[in-house]
Amino acid sequence: MKIMVCLKQVPHQDARLDINADGTWIQEDNIKFEINSYDTYALEEALRTKDAGEADVFVVSIGPDRVGQALRTALGMGADRAIHVNDDEANGSDSLGLAKILAAVAKQENPDLIFMGLMSDDDNSAAVAPMLAQLLDIPHTTAAVKVERSNGTVTCDREIEGGAHEVVELTAPCLIAVQTGLNQVRYASLKGIMAAKKKPFDVKSVADLGLSGQVGTGAAKVKIDRIAPPLKGDTAEILSGSTAEVVAGLVSKIKELGLL
Amino acid sequence: MSTVLIVTEIQNGSLREACYEVASLAQQIAAATGGSVKSLVMGQGVAALADEFSKKGGGDVFLAEGDALANHNAEAESKAIVAAVEASGADLVLIPSTPSGWDTAPRAAAALDAGFVSECFDITAEGGSITYKRRVFNGKLEATISASCDKVVASVQTGATTPFEGSSEGSVRKLDVSIGDLGTKFVEVKQAESKGVDLSKADVIVSGGRGVGTPEKFLEVIQPLADALGGAMGASRPVVDAGWLPHEYQVGSSGQVVQPKLYIACGISGAIQHLVGMKTSNYIIAINKDPDAPIFEVANLGVVADLLEIVPALTEALTAAKG
């Protein structure tokens with residue numbers, strides 16, 4: 001079995017979010033990046049299949065040189081090989097552009113299963129996974145919290161509202177976009193990190209994928225014009241002062257609410 | 001001039017409230033552009049709902065019925081949406097951003113080769129162009145988005161707009177959809193197992209987030225404050241994902257939705273999925289180191305400080321005040 005895992009490298013969850021000069025995204029210089037949290041669970045799910053002796057796992061990511069680090073981390077965790085789509089022509093792609101790039105990789109590789117995260121921690125669109133499945137004409141599910149494989153079918157629990165689960169059965173090849181928390185994600189071991197250095201690492205351009213002119217800023221159907229902190233509406237009254245003063249303020253409010 | 005197609009969703013035999021919220025936006029956009037509103041109702045045996053929606057904001061309704069549409073199925077729904085767009089000539093498709101909507105909407109957008117804007121909290125039409133607003137970076141920033149294509153699919157955040165309460169005129173037309181073979185099969189919906197921790201009955205909930213730091217600190221810092229107030233302890237999703245506390249403590253759209261007299265959020269930044277679960281609490285106190293944390297947007301009272309200093313001191317003061 002061949003499993004493709006799509007990873008996105010995103011700003012670290014604790015990174016400072018300053019707006020860039022043209023006001024359309026954050027300032028990415030001098031901040032730390034990490035693998036999108038949702039995608040780490042997707043990778044873990046793929047590696048568990050591999051540990052059961054069944055799979056060749058390759059990881060794919062789109063982005064500049066820094067993304068190589070995310071792919072090397074994934075190799076250190078146990079993925080077999082990496083494909084890095086590193087090309088300025090991919091910059092500014094919208095969700096559909098990114099899905100087209102991943103679809104082109106998938107068509108060259110013909111995986112049986114594709115795992116990825118439900119959404120990214122930066123853009124929060126949750127769009128690429130269902131789009132990729134559509135472009136490949138394969139079934140998909142999103143927000144998977146349980147994945148079970150048996151002969152040619154994958155049965156998933158997907159999270160819906162209020163703790164309820166919807167059970168769906170997909171015929172492979174298929175795509176599963178996972179929710180966080182469906183497994184416990186492993187760390188790369190020192191041995192894994194050493195072994196990762198010898199693993200195949202392919203770099204591809206947009207032209208290599210036959211997509212020249214079809215992705216990137218020019219081809220994007222939607223774009224961010226402006227990005228800004230939310231307008232402060234009825235924001236909280238802020239208690240300030242020493243710890244003792246703040247605590248006194250809180251106690252008096254709790255008394256006022258009749259809860260003491 | 002926009003032809004706006006509302007993709008509705010049926011839950012437990014009726015149209016979800018979110019359909020009427022989307023209808024508000026659709027009606028505003030159609031009015032501002034001199035366009036029209038049309039709708040798609042999908043399911044099995046749902047003709048009466050199609051009729052109802054046509055009069056309550058949906059306008060002309062396309063009714064797609066079939067076994068494959070009886071339950072949520074992203075592949076089948078995506079095909080029905082494509083057929084409805086072709087039949088209606090819609091250039092803007094609006095879908096409620098529910099678990100079914102987020103599964104189907106991007107797939108339909110790709111099938112239509114349309115632009116896609118996810119989880120919008122507002123969409124406005126002015127001077128012939130449409131602007132979409134959505135949150136990014138888990139609510140810390142807002143993006144204003146425009147499209148440069150002839151068709152756009154947008155999903156709409158639930159609860160972001162007031163439901164449409166006016167009336168509309170329209171007819172119901174059957175839509176033939178060739179669904180074909182599907183690789184996706186709906187099996188069942190499993191309801192949530194009974195909760196060991198029922199937060200819905202607590203007058204006071206003290207919840208902790210990633211900012212609490214470790215599982216031990218929940219027991220050492222968060223639980224004692226909850227105890228001092230005779231309340232219950234809750235948690236945000238990242239805490240449960242990390243295995244610090246079981247799922248039954250989770251407050252949010254995928255956990256418990258709560259409405260206590262007092263909700264104290266400690267070290268919770270305020271991702272949308274958490275806010276949905278607690279923002280209707282009677283009174284909200286937020287304690288967080290980050291002054292820009294979205295939790296302060298819904299809180300009544302905020303403290304910008306380290307919870308590990310404030311919370312134990314508060315617990316001590318409350319215990320002393322009770323005598």
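Student: How much area is buried between chain B and chain A?
Tutor: This is a predicted model. The size of an interface is often given as the accessible area lost when the parts come together. Here carbon and sulfur atoms give 56% of that area. The total buried between chain B and chain A is about 6800 Å².

Student: How many residues does each chain bring to that contact?
Tutor: Contact here means heavy atoms within 4.5 Å. Chain A gives 80 residues. The number from chain B is also 80.

Student: Which residues of chain B lose the most area to chain A?
Tutor: Three residues head the list for chain B. Together they make up 11% of what that side buries. They are Arg107(B), Phe137(B) and Glu297(B).

Student: At what angle do H4(A) and H4(B) cross, and what is that arrangement called?
Tutor: The two axes come within 7 Å. They cross at roughly 45°. That angle falls outside the parallel, antiparallel and perpendicular ranges, so H4(A) is, relative to H4(B), oblique.

Student: What is the hand of the crossing of H4(A) and H4(B), and which residues of H4(B) take part?
Tutor: H4(A) passes H4(B) in a right-handed crossing. From H4(A) come Pro130(A), Met131(A), Ala133(A), Gln134(A) and Leu135(A). By class, the contact divides into nine nonpolar, one polar and two charged residues. On the H4(B) side they meet Trp102(B), Asp103(B), Pro106(B), Arg107(B), Ala109(B), Ala110(B) and Ala111(B).

Student: Within chain A, how do H3(A) and H4(A) pack, parallel or oblique?
Tutor: H3 spans residues 95–109 and H4 spans residues 128–136. Their axes come within 8 Å and cross at roughly 50°. Angles under 35 degrees count as roughly parallel. The crossing angle therefore makes H3(A), against H4(A), oblique.

Student: Which residues of H4(A) touch H3(A), and what is the make-up of the contact by class?
Tutor: The crossing is right-handed. H4(A) contributes Val128(A), Met131(A), Leu132(A), Leu135(A) and Leu136(A). H3(A) contributes nine names, among them Leu98(A), Leu102(A) and Ala106(A). The class count is eleven nonpolar, one polar and two charged.

Student: In chain B, how far apart are the axes of H3(B) and H4(B)?
Tutor: Two packed helices are described by the angle between their axes and the distance between the axes. H3 covers residues 74–88 and H4 covers residues 99–112. The angle is about 50°, which means H3(B) is oblique to H4(B). The axes are apart by 8 Å.

Student: How many charged residues are in the contact of H3(B) with H4(B)?
Tutor: The crossing of this pair is right-handed. Among the contact residues are Glu75(B) and Glu77(B) of H3(B) and Asp103(B) and Arg107(B) of H4(B). Seven residues are nonpolar and two are polar. The charged count is four.

Student: How much area is buried between domain 1 and domain 2 of chain B?
Tutor: Domain 1 runs 3–174 and domain 2 runs 199–322. Their centres, over C-alpha atoms, are separated by 35 Å. The contact takes five residues from domain 1 and four residues from domain 2. Carbon and sulfur atoms give 63% of the buried area, which is about 410 Å².

Student: Which three residues supply 64% of the area that domain 1 of chain B buries against domain 2?
Tutor: No other three residues of domain 1 supply more. The trio is Asn138(B), Lys140(B) and Gln157(B).

Student: Where does the chain A peptide bond from Ala172(A) to Pro173(A) lie, and is it cis or trans?
Tutor: Pro173(A) is in the loop between strand S9 (165–171) and strand S10 (174–178). Omega of the bond is near 0°. The bond is cis.

Student: What is phi of Asn30(A)?
Tutor: Most residues other than glycine have a negative phi. Asn30(A) sits in the loop between strand S2 (9–11) and strand S3 (33–35) of chain A. The phi of Asn30(A) is positive, near 60°.

Technical notes
Residues are numbered from 1 along each chain as its sequence is written. Chains are lettered from A and ligands numbered from 1 in the order in which they are written. This is a predicted model: local features need pLDDT of at least 70, side-chain atom pairs count only at pLDDT 80 or more; totals for chains, interfaces and linings use all residues. Side-chain values use heavy atoms; hydrogens and water are left out. Axes are lines fitted to C-alpha atoms, for helices over the stretch in contact, and angles run from 0 to 180 degrees between N-to-C directions. Helices (H or I, at least four residues) and strands (E, at least two) are DSSP runs, numbered from the N terminus. Angles under 35 degrees count as roughly parallel, over 145 as roughly antiparallel, 65 to 115 as roughly perpendicular and the rest as oblique. A crossing is left-handed if the near helix is turned anticlockwise from the far one by less than a right angle, and right-handed if clockwise. Ala, Val, Leu, Ile, Met, Phe, Trp, Tyr, Cys and Pro count as nonpolar, Asp, Glu, Lys and Arg as charged, and the others, Gly among them, as polar. Domain bounds come from an automatic or database domain assignment. Buried area is the accessible area (1.4 Å probe) that two parts lose on being put together, summed over both.
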